[in-house]
Amino acid sequence: METGTNSLHSLSCTDATKRRVSYFYEPDVGNYYYGTDHPMKPHRIRMAHSLIEKYNLLSRMRVLKPKPAGFRDLCQFHSDDYMAFLRAVTPENQLTRPRDLNRFNMNSDCPVFYGLFEFCRISAGASIGAARCLNEELDDIAINWSGGLHHAKRGEASGFCYVNDIVLAILELLKKHQRVLYLDIDIHHGDGVEEAFYTTNRVMTVSFHKFGDYFPGTGHVDDIGYDTGKYYAVNVPLRDGIDDQSYQSIFKPIMTKVMEVFQPGAVVLQCGADSLSGDRLGCFNLSVKGHAECVRFMRSFNVPMLLLGGGGYTIRNVARCWCYETAVALDTQVEERLPEDDYSGYYGPEFSLFAPPSNMENFNTKKSLEGMKVKILENLSRLEHAPSVPFHEAENDMDVDEEEEQNEEQDGEQDNDYDDRLSDDDQDL
């Protein structure tokens, strides 16, 4: 169990030591397919892995195949009826349960596809397993690029996300650490994670995101948490075209203050790559190096850190970014010229690891950024010191023994019994 002190190496962010890094990867994850016209492509994870392998980074890490999360694991956060629905629904039977599709927000953004529940189990299992490695002090940094699905809610899908692996990982980290910091650099607001911890002071959520007429429409600077969690939600709403220099001018001062006042025992960093320049759904202008600078900066505090994926819809840039951020986690230099692999055709004509930013206009003025920074720092200053909260060792409810897993397999009938509980229409399952 963590003591009252934190594990900060230095608030001046000197970074002098190597880190032990674990890397969670399931080879089948790239096979899952949301649909022809859907922007979310799990294939990008396989592309990133291929580059990581070709750069010889795997030999520098503990490479682990994740154990898929069990039903009980998922229900540590999600409602059991929602998880039972995900376990039961298929592309063939979905049209027999229209009310359930609506209830659980399954639509064109969150379609039912083949292997959906197994995909969720893989993503969540990897994040939970990575959190356990940090808790057991087996590693200093743990990586799961298939995770970071930050929009999923307790009882419904949202924004291409079905199971919130981040919340599940944070719950695991809270079994050891009194305080966990969640940091989100995806272009979309980390609404699902913020909502889950909005009233607690044991988790601080910090999100840098596009705000305005943009999904999910939440994350105003004045959204600061509630009740015991007041001032423990930090939102940094940004405008189109923000570049590396502008981003770091606000990111580093805010995160330095966060680390100073909150003093987390562990950090979860969601590295959504849709904040990169040229993203299919994005409108920021960050370079791969600028995006990775956030990882480098947070790494320098020498606090146990979980790195997760997230958004990112120009898949050649997603693969570049997560490969480079793996190298940053390892403090390893890599060549700019991409090594040849099975996906080299995606990266032409420059074949560079570092896709350059564009010349798009930056609508974030120095004045607006400075004003927002001052406001956020003032809110953080209200937290004079790290919260002193009662801490009790939590029972490890996420462990599911083999017998129970076998019982789950034998309980296929329960998936059909779900019809009786949710829909009168679904008796054909």
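This report describes the fold, the helix packing and the aromatic contacts of a predicted model.

## Overall composition

The chain contains 13 helices and 8 strands. Of its 429 residues, 61% count as buried. Its accessible surface comes to about 17500 Å², and carbon and sulfur atoms account for 47% of that area.

Contacts that are distant in sequence can be expressed as a share: among contacts between residues at least 6 apart in sequence, 80% join residues at least 24 apart.

## The sheet

The 8 strands of an open sheet follow the order β2-β1-β3-β8-β7-β4-β5-β6, and their pairing is parallel. At the edges stand β2 (62-64) and β6 (233-238), each of which pairs on one side only. From one strand to the next, the twist averages 15°.

Within this order, strand β3 (residues 141-144) and strand β8 (residues 305-308) run parallel and are joined by 4 bridges. Ile141 stands opposite Met305 in β8.

## Helices on the sheet

Helix α6 packs on the sheet and touches β4 (180-184), β5, β7 (266-270) and β8. The direction of α6 makes about 170° with that of β7. Helix α5 (residues 116-135) lies across β1 (21-24), β2, β3 and β8, and runs at about 175° to β3.

How many of the 9 residues of helix α6 (residues 165-173) are buried? The number is 8, so α6 is largely enclosed by the rest of the structure. The buried residues in α6 are Asp165, Ile166, Val167, Leu168, Ala169, Ile170, Glu172 and Leu173. The residues Asp165 and Glu172 are thus listed as buried alongside Ile166, Val167 and Leu168.

## Aromatic pairs

The count of aromatic pairs comes to 19. One aromatic pair is formed by Phe208 and Phe251, with a tilted arrangement of 5.1 Å centre to centre and 45° between the planes. Because Phe208 lies in strand β5 (residues 203-210) and Phe251 in helix α8 (residues 244-262), the pair ties together parts that are 43 residues apart in sequence. Phe208 and Phe251 are both buried.

One aromatic cluster is made up of Tyr32, Tyr34, Phe113, Phe119 and Tyr162.

## Charged groups over rings

Two contacts place a charged side chain over an aromatic ring. Arg87 lies over the face of Phe71, at 4.2 Å from the ring centre. The charged end of Lys289 sits over the ring of Phe354, at 4.5 Å from the centre of that ring.

Technical notes:
Residues numbered from 1 in each chain as written. Predicted model: local features only at pLDDT ≥ 70, side-chain atom pairs only at ≥ 80, totals over all residues. Heavy atoms only, no water. Buried < 20%, exposed > 50% of the residue type's maximum accessible area, 1.4 Å probe, protein only. Helix = DSSP H or I, 4+ residues; strand = E, 2+ residues; numbered from the N terminus. Phe/Tyr/Trp six-rings, centres within 6.5 Å; stacked < 30°, edge-to-face > 60°. Lys NZ or Arg CZ within 6 Å of the ring centre and 35° of its normal. Contact = heavy atoms within 4.5 Å. Areas by Shrake-Rupley, 256 points an atom, 1.4 Å probe, with all protein chains shown as cover. Pairing = 2+ DSSP bridges. Axes fitted to C-alpha atoms, helices over the stretch in contact; angles between N-to-C directions.
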